[in-house]
Amino acid sequence: MTATEPDLAAGTAPDRNGSAGADADPILRFEDVRLHFAGVRAIDGVSFSVGRHELFAIIGPNGSGKTSIFNVLSGVYRPQTGRVVFDGTDLVGRRPHVIAALGLARTFQNVELFANLTVLDNLLLGRHHHLGYGTLAALGWLGRARRAEIANRAAVEEIVDFLELERWRRLPVGLLPYGVQKRVELGRALAMEPKLLLLDEPVAGMNLEETEDMARFVLDIRDELDIPIVLVEHDMGLVMDLADRVMVVDFGQVVATGSPAEIPHHPDVVRAYLGEVPPR
Ligand SMILES: Nc1ncnc2c1ncn2[C@@H]1O[C@H](COP(=O)(O)OP(=O)(O)OP(=O)(O)O)[C@@H](O)[C@H]1O
């Protein structure tokens, strides 16, 4: 942490720039990013950084810019200004598949899987960056291709174990309950062996039991697999339970960044959500 980054753990107030609480060598720096669409300021000078062991949540009312931030991170949108530095590499201008190959994996608000393929095959598709052999080797089923295939299948089986997908592994994804499909999508992102995971509303549309399961897996990903996470989620209880730090955005700007204990009482946050100042 630098001298200009106040330490929230030491009791200072939540800040706007999102740097407080992150470590000195963050995995991600989002620096003064602006993304405008014909007069709409989707992202209007947002900065934050994410630590290498951190679960960082982004919350905000509908239309406040959360998905736009994810789309800039994953290369779907190119911002007009600002820098996005991921593990030392500037991502601005890079294509989504290049960013994914650099180790930034994401899940989507709506399930985006191949419904007719089995759980195992959907997870294997997440491994295509790890194929480890060329077309010729694949055609000839040469030793290298065979070894890579075995390694990929072993990696996928580990994910099946980790996410408790055993009983569904050979079923087409389209037949599975929604909560399980979301879990498979998470598994496909994990199959990429990401250095940072972006989760876009991972519990949207889930019942209570599915939500609790997903919360447990998200925590295990941070704590056991030691993969940092950026989480966008409307379920406030979940965010407050899981996140190390929370950034609140509204109208494309950062309202406050701080710990889950501090954020709900921050007057600007209350104003953003309820349009009023909290009683003292
Ligand atoms: N491709 C686009 N073209 C024009 N405007 C866009 C585009 N994408 C986003 N916007 C606008 O940018 C603003 C931020 O939208 P964004 O989807 O990032 O918000 P959000 O916080 O993710 O909302 P929600 O919680 O409803 O998903 C909105 O005003 C939205 O209409």
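Hi everyone. Let's start with the overall inventory: this chain has 9 helices and 10 strands. Please keep in mind as we go that what you see is a predicted model. The chain runs to 280 residues, and 39% of them count as buried. If we take the contacts with a separation of 6 or more, 65% of them join residues 24 or more positions apart.

Now to the domains. The domain assignment splits the chain into domain 1, made of 14–103 + 194–280, and domain 2, covering 117–192. Where these two meet, domain 1 puts in 11 residues and domain 2 puts in 9. Let's look at that contact from the domain 1 side. Helix H2, residues 96–102, and helix H7, residues 208–223, each bring at least two residues to it. Which helix gives the most to this side? That is H7, with 4 residues. As for chemistry, this side of domain 1 breaks down into 8 nonpolar residues, 1 polar and 2 charged.

Next, the inside of the protein. The largest nonpolar core is made up of 71 residues, and the ones with the most contacts inside it are Leu197, Ile229, Leu231 and Val248. Helix H6, spanning 178–191, is the top contributor to this core, giving 6 residues. The core also takes in both parts of the chain, with at least three residues from each of domain 1 and domain 2.

If you'd like one residue to click on here, try Ile229. Leaving aside residues up to four places away in sequence, Ile229 touches Leu55, Leu197, Leu199, Val218, Ile221 and Arg222. You'll recognise Leu197 from a moment ago, as another of the residues with the most contacts inside the core.

Last stop, the ligand. Which residues surround it? Going along the sequence, we have Phe37, Val40 and Ala42, then Gly60, and then the run Asn62, Gly63, Ser64, Gly65, Lys66, Thr67 and Ser68. Two elements, strand E2 (40–50) and helix H1 (66–73), each supply at least two residues of this shell. The largest share comes from H1, with 3 residues. How does the shell divide by residue type? We get 3 nonpolar, 7 polar and 1 charged. Set that beside the side of domain 1 that touches domain 2, with its 8 nonpolar, 1 polar and 2 charged residues.

That's the tour from me. Thanks for listening, and I'm happy to rotate the model to any of these spots while we chat.

Note on methods:
Residues are numbered from 1 along each chain as its sequence is written. This is a predicted model: local features need pLDDT of at least 70, side-chain atom pairs count only at pLDDT 80 or more; totals for chains, interfaces and linings use all residues. A nonpolar core is a set of buried Ala, Val, Leu, Ile, Met, Phe, Trp, Tyr and Cys residues joined through C-beta atoms within 7 Å. A residue is buried if 20 or more other C-beta atoms lie within 10 Å of its own, exposed if 12 or fewer, and partly exposed in between; C-beta atoms are placed from the backbone. Domain bounds come from an automatic or database domain assignment. Two residues are in contact if their C-beta atoms, placed from the backbone, lie within 7 Å. A residue is near a molecule or strand if its C-beta atom, placed from the backbone, lies within 6 Å of it. Ala, Val, Leu, Ile, Met, Phe, Trp, Tyr, Cys and Pro count as nonpolar, Asp, Glu, Lys and Arg as charged, and the others, Gly among them, as polar.
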